[in-house]
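This briefing goes through selected local features of one protein chain, grouped by topic for a reader who wishes to check each of them against the coordinates. Please keep the sequence and the structure open while reading.

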Amino acid sequence: MIHDLLLACRSHNPEQLGIKAFNETTVIDQFIHPCEREIFMDIIKIIKVYQEVEQFTHSSGRKSDTPDELPGINGSLHRLHGYYMLNLAKGIEMALEDYYAEIGRLERYCLGNERNSLSYVYYALYAKFPLLVFMRNLITEISVLKLRGCVLLHNLHQQCEHGDIQLEKAIKIIMKPVKNAFFSSLAHWLLFGVIDDVHSEFFIKFNPTDAVDGGSFSKSATGSLLSAEKNPEDYIWQYEVNMSQLPGFLSIVLAEKVLFVGQTVLVFKMGRNVKVKNKTNPLAAKLAELDSDDIYELWSGRESEFFKMVVDLSNEDTINVFRLEKVIKDIKNYVSARLSEIAVNEVDLERQMGLIKDFFLLGRGEFYLEFCSQMVGTMETYREERFKNVTRSFELAATITGISDDLEKFSLICQRSTTEPDDTSDFNFLQGLSLKYEYEWPLNLLFSPTTIERYNNIFRFLLIIRTYQYEIQRVWAKQTWRAKNAKEPSNNKIITLRNYLMFFLNNMQYYIQVDVLENQFGILMNVIKSKSDFEVIQRAHTVFLANVLSHCFLLNESENQLNVTGSQNRNPIYGTLLKLFVICEKFTQMIQTKDPSDDLEDEVDQLNESFGVQIASLIQLLVDVKSASSLGPLSQLLLRLDFNCWFSASHNTSA
């Protein structure tokens, strides 16, 4: 009888048939003494707890390769058969070894003695009962909270500091396989830029912009390579921190460092000749080329040293958070130093940033003056005949100014808006222009698609100002020519409004180009010239871009997002600037049209009044911002724009 009970203590039976046989028959009444029936039922309770734990390990510890259990097809199987859940089941089985050993000892004891005590068996099993209850509670918590992946590891890490020595030892045994899985994924990402995480359990995830067919494979290594084949320059930015799986013992700053190291490795794996590799269609050739010697240039033979550092972390009983941070920082510092050395010395980052300033930030004034001339046309060209071929104008301007060699990495793209009904609007047309920059390897880490889009946002803003400047200058030139040659009388109202608009545009351009760009760009170049750590350069570049966008009023302060034309939540200063740009466009359209209207003076008066209202509103907004923060460049703009309180005295700025 006792031997049958011991067999039930270690048998896998999801339906608990052995226990039901004891409860549903008269065997207890016939063979168990009334004094021992309560003890016998307590043993049955211990067996029930064990079988709940064992049922979990049996169901979650199976690793099936059938198509029905792939992620994304069956959500429940996705949760049950994750890689970390599989290792959790292994850890629980390892922690149950002491329990199994005790059952084996009891079996040998009972077989070797004719007279056996049920109380002896009970007390021997009861010594393991807290362990079984702890495992059952752990499994229940994981199931209720639906923990998986790195979050599951964090939960186990929190329970390592346990007051009970037996349970503390058990949780360390349970955590070991899960911890090994985590450090294995960490080492593969840090050293090789590889993530094979079909269940999305790691805190770094691959998030393709356009997933391949069969979206369940998009997070795997195969999906990453297919995306790299389609867009090898941008796919490294499709890796991001998976906040839902970020363990509590890792800060977001440390996770960003891990992401940076892996992205750097991917840049080196792509190699210097990305464009050549992209022409190879077969995936096998792509896989072969990704294993080139370019990654050796990054590690210089030290990959085994760093791998050993991660392995040593994995071999510890618990997760040493401070040592983990040190290892990640050491690897990041080495990678960043190597990347900085290559970027500054081999790629000539100073020159690349100079080209960025020349073309994205309109640093080449003579080039963009010629570009506006080619794009807008001559004085005799009316508005209806302009903007015929803007890309051709861009190339002609480069040829005329002799900078075609510097411009070889840049190309102008024109995308006409389909949402705007007014296709003849200069503003809408200029909003559709953008520059494409072919950056050199390994500057992929500095110029992400988001970064290039932000540069284009600044480029469009500056180009709008420069284009309207040129058009109003043409208005002055045409009026001067007519006054001297055609003997036409000058219209003082037109001259006054033209002077106001030119004054506004000139001060805006000077503020952005001199007060903002020159100052911020000088700070960035000082960091680059100091040959700092690449992460420092990357951070300085991010700060530079953010400051420029902020000082140009291109950021929505409430949401820290880029302003978009037509946005309802845009920066109020930016919205006022748009209204002033519309006034500039209406003025040039009114003056340079083939058939001027009869009530031209009335329209000029209306524009003049609108300009006064908007410029007063702009000055009031700038005063409010200046009082809220001490921004030096903004104070200079306000001083020049409202010199001697010219506009604020003429209009009621408090309205």
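In this predicted model, Arg 460 and Glu 453 form a salt bridge in which the closest N and O atoms are 2.9 Å apart. Arg 460 counts as buried because its relative accessibility is 10%, under the 20% cut-off, whereas Glu 453, at 38%, counts as partly exposed. Elsewhere, Lys 257, Lys 332, Glu 535 and Arg 539 are joined into one network by salt bridges that share partners.

**Salt bridges across the chain**

- A search of the whole structure finds 20 salt bridges, and one of them is formed by the side chains of Lys 357 and Glu 518, with an N to O distance of 2.6 Å.
- This pair links distant parts of the chain, since Lys 357 belongs to helix α19 (residues 349-359) and Glu 518 to helix α24, with their positions 161 residues apart in sequence.
- Lys 357 is buried, with a relative accessible area of 19%, while Glu 518 is partly exposed at 40% relative accessibility.
- Arg 364 and Asp 406 also meet through their side chains in a salt bridge, at 3.0 Å from N to O.
- Arg 364 is in the loop between α19 and α20 (365-376) and Asp 406 is in the loop between α21 (390-401) and β3 (410-414), so this salt bridge ties together parts that are 42 residues apart in sequence.
- Arg 364 counts as buried, with a relative accessibility of 18%.

**Helix α11 and its ends**

- The 28 residues of helix α11 (residues 165-192) should span 40 Å at 1.5 Å a residue, and the end C-alpha atoms of the helix, which are 39 Å apart, agree with that expectation.
- Within α11 there is a kink of about 35 degrees at Lys 176, shortly before the proline Pro 177.
- At the start of α11, a side-chain oxygen of Asp 164 comes to within 2.9 Å of the backbone nitrogen of Gln 166.
- Gly 193 follows α11 and has a positive phi, near 65 degrees.

**Positive phi outside glycine**

- Most residues other than glycine have a negative phi.
- Ser 200, although not a glycine, has a positive phi near 55 degrees; Ser 200 is placed in the loop between α11 and β1 (204-206) and is buried, with a relative accessible area of 11%.
- Ser 300 likewise has a positive phi, of about 55 degrees, without being a glycine; Ser 300 is found in the loop between α16 (294-299) and α17 (303-315) and counts as partly exposed at 41% relative accessibility.

**Positions in helices α24 and α27**

- Asn 507 lies in helix α24 (residues 492-529) and is buried, with a relative accessible area of 10%.
- The side chain of Asn 507 reaches the backbone oxygen of Phe 503 at a distance of 2.7 Å.
- Glu 609, in helix α27 (residues 600-628), counts as exposed at 56% relative accessibility.
- The C-alpha atoms of Glu 609 and Leu 497 are separated by 9.7 Å, although these residues are 112 residues apart along the chain.

**A nonpolar patch on the surface**

- Met 243, Ile 252 and Val 253 form a nonpolar patch on the surface, and together they have about 280 Å² of accessible area.
- Ile 252 is part of helix α13 (residues 252-270) and is partly exposed, with a relative accessible area of 37%.

Technical notes
Residues numbered from 1 in each chain as written. Predicted model: local features only at pLDDT ≥ 70, side-chain atom pairs only at ≥ 80, totals over all residues. Heavy atoms only, no water. Patch = residues over 30% accessible without salt bridge, like charges linked within 9 Å, V, L, I, M, F, W, Y side chains within 5 Å. Areas by Shrake-Rupley, 256 points an atom, 1.4 Å probe, with all protein chains shown as cover. Salt bridge = Lys/Arg side-chain N within 4 Å of Asp/Glu carboxyl O. Helix = DSSP H or I, 4+ residues; strand = E, 2+ residues; numbered from the N terminus. Buried < 20%, exposed > 50% of the residue type's maximum accessible area, 1.4 Å probe, protein only. Expected span 1.5 Å × (residues − 1). Bend = angle between axes of the 7 residues up to and from the residue. Polar contact = N/O pair within 3.5 Å; in protein donor to acceptor, adjacent residues only side chain to side chain.
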